[in-house]
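Me: Pick one stretch of this model and take me through it up close, please. I'd like the strand pairing and the turns, with every cut-off spelled out.

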Amino acid sequence: MGNNRIFKYFLLSAAVLFLAVGVSTLSRGFGWFFLGVSVCSFLAFGNALLKERAVASERASNQLKAADIEKPQTRLPKTPAQKPTGTSNPAEPPIASTKVPVEKPILHSKKQTAPVEKPVLHPKAPILQPKKVAQPAQPAAASTTYGKLFRRYLNQNESDAFAFFYYNREKGDAWDAPFERLAKIAKPENWNFQQPKYQKKHDNFPILLQYLNHTFLRLQSENKIRFESLQGEPYAFFNTGLQTPSNKDIFATFRPNRKAKNSNDFPDWFFRKWHDDYAKELANFMPLPQPANYFAKQSEKTFDASYGLVMNVKHVIRDNKARLPKELQENETLATTALKGAFETLKNRCQRNDAEAVPYWYAHDQKVQLLLPLYMTDPNQADAALVADKNEAGKVYRIKTILTLDMAYSNARLLRKPSQRWLNP
């Protein structure tokens, strides 16, 4: 713009100068030449002035068009189409030449919703914004099905274990120190076997360890292990099924195992602490998860005296010799005679007193069976336990196998603390 103005001023000045020189020298013969140059300068000045006005006019027009584009477009409401007059049949199609193209509406979704009328607010009434509700943190979920709660023996694989239970050797803790703390806060119970033949060195809580491991597996199958977030950190916990002396449920809590991030050889979780249901740490996770459930029917808990009782003696003896009393293991004939006599006595005991039967959880088939006492060498002390499986179609209990008393007690403890009338390993 500035260069154009300088050029115009130059042309005007040149025109005036040549005009003056031409008039003054007209008598000398050069005047006509300068007059011609001045006329050309005036013409060039006029042409430049016209071009500038044309550019300014075009720029103003473009600005007006842009302003019109920015204005919101308002559409007039459509009026219903007028029906053609002179036709008696309303279903008759219109003449082709009279068709008017109709703009199709743009549908944002297949599902049509009715328009929602906005409420009319009073001019003085404040516009209330909806309150933002804090969304809870998304819980961390376990995408793995674990084979056990923890590694119990050194030769066990730890990769399929759920958690690592830490103990401090420097403070003199044994490897089962975390479970000892649980035994102290739970209701008093003997978690070790009473008979020396069932006790093992450096294994002070065998019943408790078996209980926790199988309880975890049952809770996992029932989706009762909770995965939450506590202050932005993943958190896991479950109901152990045990209670404090004041009847408060005890929960096992866990946090992520940092070592598991770099290696698959470590469990995903790290044991944190045992908590009762009044713990502040669990206050944000109400309602708390329920304990494991094993019974589908109440009738599974007791022995039905109307049912028969059958056993394959050869199968029990030949496939389970190691579970028989030592004095019978090497003499199959004596073992068969002792087993048959004990079995006949057992049927009379169960028919007269159904409390002789103890419910037992068979993890392999995920079902409840019954434990029945077997007195073979001593009428006052059970030697082993028979596993009875209920067959409702045949109205009979079938003896599946024989268990030592320590095996029977550990599996029976999953359901409830068994009466030690005869099951007292």
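Reply: Let's start at the turn between β2 and β3: the two strands make a hairpin with two residues between them, and Gln231 in that turn has a positive phi of about 55°. Before going on, keep in mind that this is a predicted model, where local features need pLDDT of at least 70, side-chain atom pairs count only at pLDDT 80 or more, and totals for chains, interfaces and linings use all residues. Residues are numbered from 1 along each chain as its sequence is written, and side-chain values use heavy atoms, with hydrogens and water left out.

Strands here are DSSP runs of E, at least two residues long, numbered from the N terminus; two of them count as paired if DSSP finds at least two bridges between them. On that basis, β2 (residues 226–230) runs antiparallel to β3 (residues 233–243), joined by five bridges. To find the register, look at Ser229, whose bridge partner in β3 is Pro234.

Now follow β3 onwards. It also runs antiparallel to β4 (residues 249–256), again with five bridges joining the two. Ala236 is a handy marker on this side, with Phe254 in β4 as its bridge partner. The hairpin of β3 and β4 has five residues between the strands, and Asn247 takes a positive phi near 65° there.

So much for the route; here's the picture to keep. β3 pairs with β2 and with β4, and each hairpin has a residue with positive phi: Gln231 in the turn between β2 and β3, Asn247 in the hairpin of β3 and β4.

Notes:
Helix = DSSP H or I, 4+ residues; strand = E, 2+ residues; numbered from the N terminus.
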